[in-house]
Amino acid sequence: QVQLAESGGGSVQAGGSLRLSCVASGDIFRINAMGWYRQVPGKGRELVAHILRGLSPNYADSVKGRFTISSDYAKNTVTLQMDSLKSEDTAVYYCNALIKAGPWSSLANYWGPGTQVTVSS
């Protein structure tokens with residue numbers, strides 16, 4: 001079993017900052033990628049940022065220059081520093097990880113339960 005636990009959501013005024021953190025635990029042999037997605041009611045889940053092991057991060061155009069993703073695969077963690085927040089950043093943010101549970105296991109996609117981010121204008 002693998003679990004992802006998010007922390008750091010909350011409410012902030014436009015222009016403010018929040019930092020989201022996620023830690024993966026359980027049966028983990030190797031993490032290939034970690035990232036963040038977000039979803040608002042009535043819409044699909046969209047990529048915010050993700051980082052593949054050993055490669056540079058990728059960002060949605062809407063957050064480039066404002067959000068920074070970083071990962072520590074030795075600690076199974078990923079963080080998302082969100083600056084210059086806008087009301088349109090309001091959403092539930094989900095941590096995502098692509099994990100091999102064992103040396104002969106297939107890669108599997110895991111999700112955290114989500115954390116609410118609310119930006120008021």
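**Entry 1: Asn76**

I looked up the accessibility of Asn76 in this predicted model. Asn76 has a relative accessible area of 19%, and because the limit for a buried residue is under 20%, I record Asn76 as buried. I then located Asn76 along the chain: the residue belongs to the loop that joins β7 (67-72) to β8 (77-82).

Next I listed the contacts of Asn76, setting aside neighbours within four places in sequence. The list consists of Cys22, Val23, Ala24, Ile28, Ile31 and Met34. I also took the C-alpha to C-alpha distance from Asn76 to Arg30, which is 9.1 Å in space, with the two positions 46 residues apart in sequence.

**Entry 2: backbone phi values**

I turned to the backbone. Most residues other than glycine have a negative phi. Asn76, however, has a positive phi, near 60°. Ser84 also has a positive phi, near 50°, and is likewise a residue other than glycine.

I placed Ser84 in the loop between β8 and β9 (91-100). Is Ser84 buried, partly exposed or exposed? I find a relative accessibility of 41% for Ser84, so I enter this residue as partly exposed.

**Entry 3: strand pairing around β8**

I followed β8 to its partners. I noted that β7 and β8 pair in the antiparallel sense, over six bridges. Within this pairing, Ser71 stands opposite Val78 in β8. The two strands form a hairpin with four residues between them, and Asn76, with its positive phi of about 60°, is in the turn.

I then checked strand β3 (residues 18-26), which pairs with β8, again in the antiparallel sense and over six bridges. Here I recorded Arg19 opposite Gln81 in β8.

**Entry 4: the aromatic pair**

How many aromatic pairs does the structure hold? I found one. Its members are Tyr37 and Trp111, with ring centres 5.0 Å apart and ring planes at 70°; I class the pair as edge-to-face because planes over 60 degrees apart count as such. The pair links distant parts of the chain, given that Tyr37 is in strand β4 (residues 30-39) and Trp111 in strand β10 (residues 107-111), 74 residues apart.

I looked up the accessibility of both rings' residues. Tyr37 comes out as partly exposed at 21%, and Trp111 as partly exposed at 35%.

**Entry 5: Arg45 over two rings**

I asked which ring lies under the charged end of Arg45. One is the ring of Trp111, whose centre is 4.6 Å from that charged end. I also found Arg45 over the face of Tyr94, at 3.6 Å from the ring centre. Trp111 therefore appears twice in these notes, as the edge-to-face partner of Tyr37 and as a ring beneath Arg45.

**Entry 6: Asn96**

I ended with Asn96, a residue of strand β9. With a relative accessible area of 9%, Asn96 is buried. Which polar groups does its side chain meet? The side chain of Asn96 makes a polar contact of 2.9 Å with the side chain of Asn109. A polar atom of the Asn96 side chain also lies 3.2 Å from the backbone oxygen of Tyr110.

Beyond residues up to four places away in sequence, I listed what Asn96 touches: Leu4, Ala33, Met34, Gly35, Tyr37, Asn109, Tyr110 and Trp111. I note that Tyr37 and Trp111, the members of the aromatic pair, are both among the residues touched by Asn96. Met34 is in this list and is also in contact with Asn76.

Definitions and conventions:
Residues are numbered from 1 along each chain as its sequence is written. This is a predicted model: local features need pLDDT of at least 70, side-chain atom pairs count only at pLDDT 80 or more; totals for chains, interfaces and linings use all residues. Side-chain values use heavy atoms; hydrogens and water are left out. Buried means under 20% relative accessible area, exposed over 50%, partly exposed in between (1.4 Å probe, protein chains only). Contact means heavy atoms within 4.5 Å. Rings of Phe, Tyr and Trp (its six-membered ring) pair if their centres lie within 6.5 Å; planes under 30 degrees apart count as stacked, over 60 as edge-to-face and the rest as tilted. A charge sits over a ring if NZ of Lys or CZ of Arg is within 6 Å of the ring centre and within 35 degrees of the ring normal. A polar contact is a pair of N or O atoms within 3.5 Å; within protein, one must be able to donate a hydrogen and the other to accept it, and residues adjacent in sequence count only if both atoms are side-chain atoms. Two strands pair if DSSP finds at least two bridges between them.
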